[in-house]
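Work through the following exercises with the sequence and the structure at hand. Each task is followed by a solution in steps.

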Amino acid sequence: MASLLPFVPVSALLGFVLLALVPLRLRRGVVIGVGVGAAIVPALLMLPVGIVCVGGACETGAVVTILTIHVGQLAAQIAMSLDPLSVVAGITVAVVGALVMIYAGAYMSEEPVGDLRRFFAYMNLFLAGMLAVVLAADVLLLFLGWETIGLCSFFLIAYYTKRPKAVAAGTKALVTTRVADTMLLAGLMLLFLATGTTRFDGMLAGVGSIDAWHLAPIAGLIAIGALGKSAQIPFHTWLPSAMAGPTPVSALLHSATMVAAGVILLVRLAPLFAAVPEISACVAVLGLATAMLAALAALLQTDVKKLLAFSTMSQIGFMVLALGIGAPAAALAHFAIHAVFKSLLFLSAGIMSHGAHGDTGIEALRGSRRRQPLAFWTFAIGAAALAGLPLVTAGWYSKEAMLGAVLSSGLWGVPLWALAVAAVVLTGTYSFRVVFVAAGRGPDKSIAPWEGLAVWAPLVALAVLAVLSGFLVDALIRFDGGTPSELPWIATLLGAAAPLAGVALARHLVVYPQLLDQLRAKLRHRKVFRIDSLYYFILVRGFRKLSQVMAGPGGEQAIAPVLEAPPIDVVKLVAGDPIGRALVASATRLVKAVVAAFDPDRIDLLWMRFARALGRAWEHVHRIQTGRVRDQSLGLALGFAGLLLFAWGTSWR
Amino acid sequence: MTGTALTGMMIVAAGLFATGVFGVLARRGILFQLIALEVALSGPALAFIAAGAYHGDAEGQGMFVLVLTLAAAEVAVGLALFLRIRRSKGSDDSDAVSGLKG
Amino acid sequence: MALIALLLLPMFGGFAAYFLGSRRDADRWVSIASLAATLAILIVTVAGGDDGRWLAKVDLPWVPSFGISINFALDGLSAALIGIAAGLGIIGVMASWHEIKVDSGLFHACLCWTVSATIGVFLSFDLLVFAFFWEAQLIPSFMLIAVWGHGAKESAALKFLIFNAVAGFGLLAGVFGLASMADTMTFNAFTLAELKLSTPMQVWLLLGFSLAFLVKLSVPPFHAWLPDAHTLAPTAGSILLAGLLLKTGAYGLFRFSPMLFPDGLLVLAPYGIALGAAGALYGGVVACGQTDAKRLVAYTSVAHMCIVLMGVAAGVEYALAGAVVEMVAHSFSASALFLLIGALYERTQTRDLRELGGLQQSAPKFAAAFALFCSALLALPGTANFVGEALVVVGIFQVNWPFALLALSTLIVSVVYGTRLLKGVTFGAASPAVVRDLGWREIATVLTLAAGTIAVGLYPQSVIGLVGPALKAALVPHLP
């Protein structure tokens with residue numbers, strides 16, 4: 001069964017090749033059929049692999065070699081691994097991907113056929129890339145998939161190519177992640193040079209022999225790469241604006257898969273980070289900070305897609321926190337559960353906002369319970385899982401596993417745990433705020449609601465998974481080689497109370513909406529925010545600006561359409577980001593100065609000045625050429641006399 | 001032939017050459033410049049003869065014959081050019097043919 | 001003898017094209033036929049080649065009294081580059097099918113002669129003959145720009161010629177200087193490589209050689225000829241310039257500097273890496289500021305050739321392999337982009353990124369091709385460009401890690417110019433004119449180049465294995 005593994009991404013890749021590279025005209029039905037079909041096959045292929053794996057084939061950690069490249073003495077292998085990580089992540093990605101694509105087949109069916117084809121081509125390529133990332137047993141295949149999903153996300157976010165906002169958001173995502181990817185590449189290259197192999201098993205085995213001075217930069221660079229892809233602080237800015245893409249894109253890329261790639265990488269390289277506790281601590285702190293601040297930012301959103309984007313950042317922050325304190329198995333379990341409920345949330349939110357005439361504002365969803373009961377209830381189930389309502393949702397189990405790991409992680413476990421629980425409260429608040437608003441009374445009429453199996457089947461399937469998979473969490477963690485942690489009863493109780501407190505708070509906020517406005521106003525007017533940690537304060541200020549920028553009318557700046565042609569688009573894109581404003585403003589000025597200095601190319605101008613100087617010299621020199629025979633004879637005579645003198649002088653000793 | 005005689009001969013030869021060169025540079029008439037060239041050529045020719053006589057070697061006279069032949073050839077070409085220039089420019093002023101002016 | 005056929009076939013093809021003229025496209029077909037025959041002979045020679053260092057060798061005396069001989073040798077490196085030369089020649093003919101209307105016979109003759117002279121460069125191991133072909137390739141390519149170019153074509157062509165001809169004197173001085181060190185009169189590179197020269201002498205001679213190579217490679221500050229020449233040349237001219245002529249500079253560095261001046265290279269290599277790193281960033285940043293699509297691609301050529309320079313200067317196995325792959329990759333991707341932009345210019349009469357756009361809707365095949373090659377431009381893994389750049393950087397990490405980080409930062413710049421080109425052409429509102437989508441001839445050429453890019457990107461062994469022996473010979477001996 002292990003030999004089946006390389007074929008998992010292949011069918012999605014074939015779908016891409018068929019749709020993108022074959023210069024034939026295809027009909028709409030064929031495009032949708034190929035696009036959706038190619039995305040379903042990986043899930044079907046993954047299932048037997050998973051069954052075999054659970055049956056015990058994964059214990060040995062089989063590796064399937066696909067290709068070997070010889071450079072000198074080195075044999076670089078491209079290979080896929082059959083181990084718990086790749087199987088869990090592979091099944092998650094393949095199944096969620098298949099369900100989202102089925103939904104996309106219905107969601108996108110009104111698009112022009114050319115755009116539809118482009119959409120499905122890139123979605124399939126994305127899926128293939130993501131599967132390559134999770135299945136890879138070596139850095140080559142991992143990075144291939146890693147960059148492929150980065151580029152695909154650019155194309156998919158910028159799917160509406162005529163909207164400058166979408167295009168700018170895509171570029172922003174690509175450039176931001178590329179900066180991180182470059183760091184990752186540097187880290188992987190250093191790791192490769194230090195261990196002499198491209199295979200993960202060899203690399204991790206060699207970690208022990210690298211001295212600390214080399215290991216720290218390697219781990220740091222790789223961590224930066226992973227955090228960049230996962231939209232963690234300080235690379236978080238691209239994710240909220242990336243919601244400019246169509247809903248299935250957000251559901252697949254920016255909830256369950258692409259942003260989780262960083263988590264997968266960190267899980268894969270967990271032994272490396274275990275060897276460098278300082279870097280792990282930084283990772284944990286960044287993860288926790290992202291979890292809290294993104295949760296706070298999500299609370300202030302007025303747009304449901306932006307809210308879900310921030311919630312994704314926050315949830316990934318929890319996973320990164322768990323990774324930082326050394327609990328990769330819990331992080332992986334939460335990755336799988338999160339993928340399920342987050343894509344469910346995006347898909348049902350997409351249907352609800354369709355019912356609200358395509359408006360993605362939270363207020364516009366008011367009345368969805370009447371208009372689209374199924375969408376509303378699936379959304380509510382997803383929100384419950386996101387909030388982690390105790391006992392009945394999968395989210396609770398995986399979150400408890402992570403929180404337990406945090407609590408039992410030594411000296412700093414308790415404060416970290418307390419902050420994480422605070423973030424859980426916020427999670428409950430922001431997720432149920434949407435639910436309560438949508439349950440409220442609103443216009444009953446809906447525009448031509450979607451019907452049919454392709455829309456409802458993925459929703460129902462995901463909703464069932466979001467509830468039932470909670471009972472699998474302990475098994476998942478054991479399967480991944482971790483041990484579910486036993487918590488003191490008081491911690492369990494507090495962990496269970498936190499989401500309920502969040503829900504109560506949400507109810508309160510919905511009943512008294514002015515509270516939220518006051519909170520927003522408070523944050524806007526720089527009044528005291530009841531957190532005394534300076535570090536936290538600075539970041540909140542940054543985040544407040546970010547959330548203002550993203551939420552309010554001033555938010556247009558963030559990815560404003562560029563009217564006059566800028567020297568470099570990126571600068572405009574990254575500009576408007578509150579946290580990086582100072583940095584970016586100086587970068588803007590710098591780059592403008594640099595580009596202005598280079599355009600026109602200064603070196604070219606120098607050469608041309610040299611050429612003109614030669615021309616001017618000729619102006620003067622040509623006067624001695626009179627063309628008269630007498631003058632030329634004089635020159636001849638003088639020249640010969642000079643030569644004779646020279647000869648005489650050199651031969652005369 | 002003594003060394004002093006050779007030195008005298010050489011001085012005469014140098015004087016002949018210098019005269020010729022001066023003629024080429026000073027005169028503008030093409031015919032006179034040609035004549036001055038002949039004078040200038042006779043200087044080295046004399047030097048060859050003198051040196052041949054001093055060393056008792058016949059090659060000096062051989063070189064003289066070569067110089068004579070060269071001079072004849074040069075005069076032939078030069079006169080032809082002279083006629084050509086007179087016909088095209090209508091003058092025998094060498095400054096009139098300044099097509100190589102930069 | 002096969003090697004001489006490689007040289008002569010395109011040359012006679014050029015004469016035939018000139019005399020046949022453009023009636024019933026005879027010149028085009030005869031050029032394609034001669035170049036295809038060259039390719040076929042190359043493939044047969046490589047397939048039936050010897051196992052050792054050289055696949056084939058020819059050594060005929062030409063002017064024995066001066067020690068000049070027709071000394072040709074073919075190994076994997078030259079075979080790969082000759083294959084690219086002939087292949088891109090064919091693609092150049094196909095790309096200019098509708099573009100060239102005036103003096104079509106002479107155009108195709110110049111095209112074939114450029115290919116022929118370039119093949120001569122790749123084959124020659126007699127340094128005087130090498131220098132002869134080095135200068136000879138300038139003339140037909142000068143004609144290509146000056147006669148069939150756009151805009152201020154004459155001055156661009158003149159700039160191209162002056163830069164390269166002046167730099168050629170450096171090569172000539174180096175060749176004569178090196179030959180004067182030998183006891184017997186010979187220009188044979190193999191014989192001259194045996195000389196034991198002092199290190200300073202090697203440095204000076206290598207500087208002379210490098211001047212010619214660096215100018216041809218268009219490493220800043222010697223790159224000024226390239227943007228003008230690339231931008232104003234006809235499509236086929238741009239393809240040949242980017243795909244062949246730049247590669248002769250890289251080839252010269254790769255082949256002759258470690259072979260003839262190993263100690264001198266060891267002295268100059270750090271400066272080479274520094275120059276390459278600075279130049280790659282410079283080229284990338286300038287490319288970001290361009291509004292002319294073709295000029296943008298021209299500046300990316302500067303950046304990519306600097307990466308090749310870094311690879312050769314680093315002199316370790318990974319870096320050298322990366323340099324070769326980067327050369328091949330650049331030949332594919334830059335040619336394809338020039339071809340696409342040329343086709344677009346033919347349809348819209350503009351190359352201005354601010355005016356272009358909307359290809360995604362009006363011409364989806366065009367847009368797909370652009371997307372593919374812009375991805376290659378920004379070094380997406382899976383394309384040959386990534387393999388080249390990554391291998392070069394790995395090699396430089398072994399030698400000098402700060403420069404490796406600098407080299408890596410070009411990846412960030414590349415994503416900026418890559419997306420800039422892509423967005424400018426394919427995104428946004430529709431372009432000024434209704435754009436006809438790619439025709440079958442264009443699709444065929446673009447697909448060929450795409451297949452090459454992806455095949456080398458996914459299986460770089462195909463190139464690295466071929467150039468293995470050449471690569472070992474180019475290792476700088478005293479490095480790790």
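**Exercise 1.** Leaving aside neighbours within four places in sequence, determine which residues are in contact with Ala407(C).

*Solution.* Step 1: two residues are in contact if their C-beta atoms, placed from the backbone, lie within 7 Å. Step 2: with those sequence neighbours set aside, Ala407(C) contacts Ala277(C), Ala280(C), Ile307(C), Met310(C), Val392(C), Val393(C) and Ile396(C).

The model is a predicted one, in which local features need pLDDT of at least 70 and side-chain atom pairs count only at pLDDT 80 or more, while totals for chains, interfaces and linings use all residues. Residues are numbered from 1 along each chain as its sequence is written, and chains are lettered from A and ligands numbered from 1 in the order in which they are written.

**Exercise 2.** Identify which residues touch the most other members of the largest nonpolar core.

*Solution.* Step 1: a nonpolar core is a set of buried Ala, Val, Leu, Ile, Met, Phe, Trp, Tyr and Cys residues joined through C-beta atoms within 7 Å; a residue is buried if 20 or more other C-beta atoms, placed from the backbone, lie within 10 Å of its own. Step 2: the largest such core has 439 residues, and Ala322(A), Ala420(A), Ile396(C) and Ala407(C) touch the most other members. Step 3: H14(C) gives the largest share of this core, 20 residues. (Helices are DSSP runs of H or I with at least four residues, numbered from the N terminus.) Step 4: a second, separate core has six residues, among them Ala45(B) and Leu46(B).

**Exercise 3.** Establish which chains touch, and describe the side of chain C that touches chain A.

*Solution.* Step 1: two pairs of chains touch, and the most contacts are between chains A and C. Step 2: in that pair, 44 residues of chain C are in contact with 43 residues of chain A. Step 3: H18(C) supplies the largest share of chain C's side, 10 residues. Step 4: by class, this side has 28 nonpolar, 11 polar and five charged residues. (Ala, Val, Leu, Ile, Met, Phe, Trp, Tyr, Cys and Pro count as nonpolar, Asp, Glu, Lys and Arg as charged, and the others, Gly among them, as polar.) Step 5: 11 residues of chain B are in contact with 10 residues of chain A. On chain B's side there are four nonpolar, four polar and three charged residues. Step 6: chains B and C do not touch, and their nearest C-alpha atoms are 22 Å apart.

Conventions
Helices (H or I, at least four residues) and strands (E, at least two) are DSSP runs, numbered from the N terminus. A residue is buried if 20 or more other C-beta atoms lie within 10 Å of its own, exposed if 12 or fewer, and partly exposed in between; C-beta atoms are placed from the backbone.
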